[in-house]
Each structure stands twice: as structure tokens, then as C-alpha cells.
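Trainee: Could you walk me through how to read a structure like this one? I'm new to it.

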Amino acid sequence: MSDLPDRHLAAQYEAFPYPARDPREEAKRLIIGSPSHLREIDHWIFGSRRPASTPLRALFAGGGTGDGTLMLAQQMAWAGRPGEVTWLDRSAAAHRIAEARAATRKLGNIRFEAGSLLDLPGSGLGPFDYIDCCGVLHHLPDPLAGLRALTSVLAPGGGIGLMVYAPHGRTGVYMLQDALRLLAPEAESPPARIDIARRLWRQVPETAWLKRNPWLTDHLSGGDAGLYDLLLNPRDRAYTVPDLAALVAEAGLRIACWVEPVRYDPDAYLPDPRLRARTAGMTPIERAALAEAITGNMGIHILYCRRAEEPEPERPWEDPEAVPTLREMDGAALAKGLPRDGTLPVTFDGLRVNLPLPRLAGAILQRVDGRRSLGAIADELAANGIAREVFWRDLAALRQSMEAMNRLLLAAPA
Ligand SMILES: C[S@@+](CC[C@H](N)C(=O)[O-])C[C@H]1O[C@@H](n2cnc3c(N)ncnc32)[C@H](O)[C@@H]1O
């Protein structure tokens, strides 16, 4: 039996399947993101050691209108990767849209299942090598029960990609949710509540924190579905890093990586050696918690998890056979545009970080095309007079910055 907010939640996603998508748009673009990008799964979950020829069984739990499902299924189809992507959600309206989007793309590697992710244990579905649960756990009556249900159908050696809300970047949201609970009670119809929310947004004073929060735009550009999801949602809770680490641990999982890793590294913001001396003594969770607390701009957490008892796979960065690849970046173009001061400026939700780059950054990136192996790049540079040990040293330094950006990854072996 679901509780009352959960019934309201189910009604919300029937009235406003999320996110709002028009299947005709599939002809123009593929929506790409994290988690669940095929290259990220290969790298962060499987340590770039699981052969591309091994079929991948993936589940999107609470798949909604299909953004993640379509991304992964399309990337697998384009790369000729065997396997199947299962979409699971209890919203019939979202189901229709996700299926129409898949049909527009002529994807034959998606299976659609209607139902609750809480019923996964004993459902006969699975096991899955990879499970995506994006923007769902924080709405559930019992997120831990949800995460445990997912873990129950996770295959050995597999992993889970999660997205949940984080509090600081959502500053202002919960105040207006409180206001709307008073002005537009949940018992009213969704269109009536939307009307009140729009009227309120036009009149809230400038001091309302959401007016001052530049990172959230769902209520401005996400249509009715976005507005409802942000301000009228019957239940959403935001997790700090320590809250989330505790949830993951209680479900028998371990965090393999935060996305993007550099955002969760306090040293990226704190060059003072006296502060660095203190961060050096912290656990990985404490370091991530510190980064969250000082940046103040994280509105979501994206993370990859694996079973707690399984060892973290060593990524083969020192293996000449390993093939480096860039996520949505052209190595040659990137190499051309590198600043001359030896740093790469990157911005995360208004937060600027300068990542140090080694001398050979351009020469290496120019050759990263997803086909050449590390050994082949070392050979080409050696032919240009660059000693192999210098290549491997600079590669390690380049990795330090660009793997941490979630951009330079290692491909799955053939
Ligand atoms: C905010 S949407 C996220 C959709 C999608 N994962 C994405 O990121 O684009 C939340 C989705 O979770 C689904 N959902 C909520 N509770 C669920 C449950 N117990 N079982 C299956 N789906 C659920 C809703 O129907 C809705 O489609």
C-alpha cells in the first residue's frame, strides 16, 4: 500500500510525465548526460576491463519519458554493442512518450516494463549489469527500500548510477514548496495548483531565495512538468554528501565515483598549504562533504556505486593496450584551443576551477580519438623524439585533471 504523498506523486507523473519531451525532437538531437553515458559505464563501473562484446543488460528504474534510456540504447546501437535496455516506470503517460521516442529512433534494443521499482525483488526481471535510477529515490516513501530493491537485481560485478537532489544548490526551493502547500493544497487538481504557482512566482518578493538562485531553471524553462516537479512535488528530499554516503552504505553499496570527481575534491578550491595539510588527513567522504559545504552550488549529486564487498577495479592507465577516449570532445580541436599558461579553466554551475595540465597535454589529446591505444600514442611521440617515460609521466598528470573532469576516460576493450 502506498502512502498519500506517493499516490499524489503517481498522479503528478500521469498529469505531467517528466521531463516534458516531444518524440519528434528525436529526429534532431540526442540528449546526453550523466549518469549512464556508455563511456562512463565502461570506465567508472567496469574499470574499462569488461569487453565491449559482452552483452550489457541495463535497467532504467523510474525511466520517466526516457532521456537516459534513449541515450544508452542509442549509444549501444551506434557502437554495435550487444545487450538490452529495460525501461521501468509506473507512469503510463511517461511510458507512451518514451516508447514513441524509441520508435522515432527505430531502436530495437529497449524493453518497456510497467510497474513499481519496489516490486523488482521477485519480479523475474534481471539480473542487470547496470542500473540507472535518476531523480527517483528522493521521491520515494522509503528511499533505502528503493535502493535495496535495485541492489536485489544487480548482477555480480555490476553497478548503479544515481542522481539525487542536494540541498545547497536548491536553496529557496523548499521555502516556496512550503508556501505552496499553504496556497495550493495537494488535494487540488494539478492545473489549479500550477495556476497558483505561476501567480505566486510573479509576485514573490526579490528576497525569496529562489529568485536569487541562478542554478535552478526548471520553474522558468521546464514547462508545467518542470514547475510542478520543482515546486509542487508531494515529496522530495535533498541529500548532503554524508546523508547520501550513509544511504548507499546501508544498501550494501560503495561509492565508486562522484560526477564530476573534481567537484568533490576540496583541493581543487583550496591551494593554501595549511588547509591542504588538513584535507590530506580526511576520508574520501569527508573530503567530498567539505567540497559540497564550501562550494554551496550543488543542487544534485550524481554518483556511480558498486557492491561494497567487490574490490574497486584498477583502471588500466598504465597498459599500452588501453584506448583513451574523450566524452563529447574532439581531441584535436581541444589540443588546438588549450591555453598557454598550462591550465585548463572549467566551470561547474558558476564555479570556475583551473586544472593544471602537463607539457605534453596538447600532443597527447590531439591523438586521443577512441581508436589509438596508449602504446600507439607513446610510439608516435617517441618517433617525434619524446622519451617514453616522459609520455607516461605526463599522461598520469593529464589523467589527474581530465579524468577528474569526467572527460578523459578509457574505452572498453574489444
Ligand atoms: C523525476 S522523474 C525522473 C525520470 C527519469 N529518470 C529522468 O531522469 O529523466 C521520476 C520518475 O520516477 C517514477 N517513479 C516514481 N516512483 C516510482 C516507483 N515506485 N516505481 C517506478 N517508477 C517510479 C515516476 O513515475 C517518474 O517517471
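Mentor: Let's go through the ligand, a recorded domain and the cysteines. Keep in mind that this is a predicted model.

Trainee: Which residues are closest to the ligand?

Mentor: Start with whatever surrounds it. Here the ligand has 18 residues around it, and the closest are G62, D89, S116, L117 and C134. By class, that shell has eight nonpolar, seven polar and three charged residues.

Trainee: And which atoms of D89, S116 and C134 should I look at?

Mentor: For polar contacts, look for pairs of N or O atoms within 3.5 Å. In D89, a side-chain N or O atom is 2.6 Å from an oxygen of the ligand. S116 also uses its side chain, with a polar atom 3.1 Å from a ligand nitrogen. With C134, a polar backbone atom is 2.9 Å from a nitrogen of the ligand. As for cover, the ligand taken alone exposes 600 Å², and the protein buries 95% of that.

Trainee: What does UniProt list for residues 61-159?

Mentor: An unreviewed UniProt entry lists them as "domain: Methyltransferase type". Over that stretch, the chain is 36% helix and 26% strand, and its end C-alpha atoms sit 13 Å apart.

Trainee: How many disulfides does the structure hold?

Mentor: Check whether two cysteine sulfurs come within 2.5 Å. The structure holds zero disulfides. For C133, the nearest cysteine sulfur belongs to C134, 8.0 Å away. For C305, it's that of C257, 9.7 Å away.

Trainee: Is C133 buried or exposed?

Mentor: Buried means under 20% relative accessible area. C133 is at 1%, so it counts as buried. C305 is at 0%, so that residue counts as buried too.

Conventions: Residues are numbered from 1 along each chain as its sequence is written. This is a predicted model: local features need pLDDT of at least 70, side-chain atom pairs count only at pLDDT 80 or more; totals for chains, interfaces and linings use all residues. Side-chain values use heavy atoms; hydrogens and water are left out. A residue is near a molecule or strand if one of its heavy atoms lies within 4 Å of it. A polar contact is a pair of N or O atoms within 3.5 Å; within protein, one must be able to donate a hydrogen and the other to accept it, and residues adjacent in sequence count only if both atoms are side-chain atoms. Accessible areas come from the Shrake-Rupley method with a 1.4 Å probe; for residues, only the protein chains shown count as cover. Ala, Val, Leu, Ile, Met, Phe, Trp, Tyr, Cys and Pro count as nonpolar, Asp, Glu, Lys and Arg as charged, and the others, Gly among them, as polar. UniProt positions are given in the numbering used here, feature names are shortened, and annotations may be inferred rather than shown by experiment. Helices (H or I, at least four residues) and strands (E, at least two) are DSSP runs, numbered from the N terminus. Buried means under 20% relative accessible area, exposed over 50%, partly exposed in between (1.4 Å probe, protein chains only).
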